[in-house]
Amino acid sequence: MNTIVVTGGAGFIGSNLVEELLFLGNRVICLDNFSTGKRENILPYLDNSHFTLIEGDIRNMDDCRKAVDGADYVLHEAALGSVPRSIKDPITTNEVNVSGFLNILVASRDAKVKRFIYAASSSTYGDSPSLPKVEEVIGKPLSPYAITKYVNELYADIFAKTYGMECIGLRYFNVFGRRQDPNGAYAAVIPLFVKKLMNHESPVINGDGEYSRDFTYIDNVIRMNLRAIETTNPQAVNQVYNTAYGERTTLNQLVAYLKEYLGELDPDILKIKTIYGANRAGDIPHSLANIDKAKQLLAYNPKYNVRDGLKQAVQWYWKNL
Ligand SMILES: NC(=O)c1ccc[n+]([C@@H]2O[C@H](COP(=O)([O-])OP(=O)(O)OC[C@H]3O[C@@H](n4cnc5c(N)ncnc54)[C@H](O)[C@@H]3O)[C@@H](O)[C@H]2O)c1
């Protein structure tokens, strides 16, 4: 049985990882300060004897040391997400995403964990115009958030080289699925649009709707994290990987899919019109991952394309919103 720390385990991606790791028979320690995560996300596990919640902050070194003490693996998900949030408050984003990252990395090094796996981001591709994105070709960051996620990669690389740690960075591409929060100023586009449509309100697209993203269903992301834990291929460690499906969907297509799936549950949703607004600062026009590296080195094979993932997500929101 492995002991696995999930920082940010009360958040969207973290709580899905907690659920799967417990299901697979691991002992799981969740470190979270509930700044964007929710207690209800981990409520089902609180009385599981294999689950420990440490309510604490990655900006506090003692909390980090307490969480990783005796751990085999760390999945570091805790961060302040959202490009607009980082533009509004770059200092807090940096404190959590850079200083907090460094704390948990140092604590993991000192606790001699077997491997440190962390949430990196497709935002690291910044202004690079090349498509699809391959791991080795990045541009300049377009937001404070993107800087912090790139700094994470630089630190992980240096810790691998300097202290012999095993690190793997997973550059997530627009993840979506059950438990992603539709509320608040910094909600991600899919839960936001699902909520709007369910309330019979118009979704607002920033720009003309032809910006595109490699929307990635949560189960593909869980699979990548498991592969990063399990791999025994020495060439697979101390790398960063695109974590995506490898398909591009425009915002206009996305709204059409959501209307189609929600329209099966409530036909009035088919009549809702989309509103178009201005482009948002810091947004990259197109994002599409080349996932060959993960396929070759991690034997990653994503199961859910965007349509299959959206069908699952819509069902979940329909029952839970
Ligand atoms: N969702 C995406 O599409 C996406 C894309 C790229 C990268 N990521 C990265 O994946 C990770 C998880 O994202 P998510 O979408 O699940 O976001 P989320 O906001 O749902 O989860 C983040 C979790 O971290 C916790 N947290 C924040 N600050 C903390 C602190 N100082 N100490 C302890 N816990 C803290 C929050 O309470 C929350 O539970 C983040 O690192 C994010 O940057 C996400």
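Helices and strands here are DSSP runs, numbered from the N terminus. By that numbering, helix 1 (12-23), strand 5 (115-121) and helix 6 (144-163) each give at least two residues to the shell around the ligand. The model is predicted. Its 7 strands form an open sheet with parallel pairing.

**The ligand and its surroundings**

- The ligand has 27 residues around it, and those that come nearest are Asp-32, Thr-36, Asp-57, Tyr-145 and Val-175.
- Strand 5 supplies the largest share of this shell, 3 residues.
- By type, the shell holds 13 nonpolar, 9 polar and 5 charged residues.
- Asp-32 places a polar side-chain atom 2.5 Å from an oxygen atom of the ligand.
- Gly-37 has a backbone N or O atom 2.9 Å from an oxygen atom of the ligand, while a backbone N or O atom of Ile-58 is 3.0 Å from a nitrogen atom of the ligand.
- On its own the ligand has 820 Å² of accessible area, and the protein covers 90% of this.

**The sheet**

- Strands of a sheet pair through backbone hydrogen bonds, either parallel or antiparallel.
- In this sheet the strand order is 3-2-1-4-5-6-11.
- Strand 3 (51-55) and strand 11 (239-243) are at the edges with a single partner strand each, so one side of each has no neighbour in the sheet.
- From one strand to the next, the twist averages 20°.
- Strand 1 (residues 3-7) pairs with strand 4 (residues 73-76) in the parallel sense over 4 bridges, and Val-6 stands opposite Leu-75 in strand 4.

**Helices across the sheet**

- Helix 5 (residues 90-110) lies across strands 1, 2, 4, 5 and 6, and runs at about 165° to strand 5.
- Helix 6 lies across strands 5, 6 and 11, at about 155° to strand 5.

Methods
Residues numbered from 1 in each chain as written. Predicted model: local features only at pLDDT ≥ 70, side-chain atom pairs only at ≥ 80, totals over all residues. Heavy atoms only, no water. Near = heavy atom within 4 Å. Polar contact = N/O pair within 3.5 Å; in protein donor to acceptor, adjacent residues only side chain to side chain. Areas by Shrake-Rupley, 256 points an atom, 1.4 Å probe, with all protein chains shown as cover. Nonpolar A, V, L, I, M, F, W, Y, C, P; charged D, E, K, R; others polar. Pairing = 2+ DSSP bridges. Axes fitted to C-alpha atoms, helices over the stretch in contact; angles between N-to-C directions. Contact = heavy atoms within 4.5 Å.
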